[in-house]
Amino acid sequence: LRAELAAECSLSPSQFLRRQQVLQLYRRILRAIREVPAEADRRYLKDWAREEFKRNKEATEEDAIRMMITQGNRQLQELQRTLRLAKS
């Protein structure tokens, strides 16, 4: 926890805000995945999301991070749209 706090303290304001956006996106994706009816699909999607975020954890290029957030939001919207259609 201390190392995490120290890392947060060394972030610039824009990096801090971007980090908050990434964490918020991750939480929103995990919440949406909870709505998936089939357990195997939920597990697959959760593992996929975890791996995607882990794979890009070391990214520092501001434009690349912004692009990944945009792409993640699109994928979240697609998942939410699919879940709505499945319920109707």
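Leaving out neighbours up to four places away in sequence, Arg-18 is in contact with Glu-62, Ile-65, Arg-66 and Ile-69. Arg-18 is part of helix H2. This residue counts as buried because its relative accessibility is 17%, and the cut-off for buried is under 20%. The model described here is a predicted one.

**The chain as a whole**

The chain contains four helices and zero strands. Read from the N terminus, its elements follow the order α-α-α-α. Helix H1 covers 2–9, helix H2 covers 13–33, helix H3 covers 39–55 and helix H4 covers 62–87.

The chain has 88 residues, and 15% of them are buried. About 7100 Å² of the chain is exposed, and carbon and sulfur atoms supply 53% of that area. Among contacts with a separation of 6 or more, 66% are between residues 24 or more positions apart.

**The nonpolar core**

Which residues make up the largest nonpolar core? Its nine residues are Leu-25, Ile-29, Ala-32, Ile-33, Val-36, Ala-49, Leu-76, Leu-79 and Leu-83. Two elements, H2 and H4, each give two or more residues to this core. H2 gives the most, with four residues. As a general background, nonpolar side chains in soluble globular proteins tend to be buried together.

Two members of the core can be followed through their contacts. Ile-29 is in contact with Ala-49, Phe-53, Gly-72 and Leu-76, when neighbours within four places in sequence are set aside. Of these partners, Ala-49 and Leu-76 are also listed in the core.

Ala-49 belongs to helix H3. Its relative accessible area is 1%, so Ala-49 is buried, given that buried means under 20%. Not counting residues up to four places away in sequence, Ala-49 touches Tyr-26, Ile-29 and Ile-33. Ile-29 and Ile-33 are core residues too.

**Accessibility of single residues**

Where a residue sits in a helix does not by itself tell the reader how it is classed. Is Ala-86 buried or exposed? Ala-86 is located in helix H4, and it counts as exposed because its relative accessibility is 59%, where exposed means over 50%.

Two further residues fall in between. Gln-15, in helix H2, has a relative accessible area of 37% and is therefore partly exposed. Glu-52, in helix H3, is at 28% relative accessibility, so it also counts as partly exposed.

**Pairs separated along the chain**

The table gives four pairs of residues, with their separation in sequence and the distance between their C-alpha atoms.

| Pair | Separation in sequence | C-alpha to C-alpha distance |
|---|---|---|
| Ala-86 and Pro-37 | 49 residues | 9.4 Å |
| Gln-15 and Glu-62 | 47 residues | 8.2 Å |
| Ala-49 and Gly-72 | 23 residues | 9.4 Å |
| Glu-52 and Gly-72 | 20 residues | 9.6 Å |

Gly-72 appears in the table with Ala-49 and with Glu-52. Gly-72 is also one of the residues in contact with Ile-29. Glu-62, listed in the table with Gln-15, is among the contacts of Arg-18.

**The largest pocket**

What is the volume of the largest pocket? The largest pocket has a volume of about 1000 Å³. It is lined by 30 residues, and those closest to its centre are Val-22, Phe-53, Asn-56, Lys-57 and Glu-58. Phe-53 is also a contact of Ile-29.

Helices H1, H2, H3 and H4 are the elements that give two or more residues to the lining. The largest share comes from H2, which supplies eight residues. By type, the lining residues divide into 13 nonpolar, six polar and 11 charged.

H2 therefore recurs in this description in more than one role, in terms of elements numbered from the N terminus. H2 gives the most residues to the largest nonpolar core, and the largest share of the lining of the largest pocket comes from H2.

Methods:
Residues numbered from 1 in each chain as written. Predicted model: local features only at pLDDT ≥ 70, side-chain atom pairs only at ≥ 80, totals over all residues. Heavy atoms only, no water. 1 Å grid on protein atoms, 1.4 Å probe; cavity = no way out; pocket = protein on both sides within 12 Å on 5 of 7 lines; lining within 4 Å. Points joined across faces, edges and corners; volume = space filled by probe spheres on them. Nonpolar A, V, L, I, M, F, W, Y, C, P; charged D, E, K, R; others polar. Core = buried A, V, L, I, M, F, W, Y, C linked by side-chain atoms within 4.5 Å. Buried < 20%, exposed > 50% of the residue type's maximum accessible area, 1.4 Å probe, protein only. Contact = heavy atoms within 4.5 Å. Areas by Shrake-Rupley, 256 points an atom, 1.4 Å probe, with all protein chains shown as cover.
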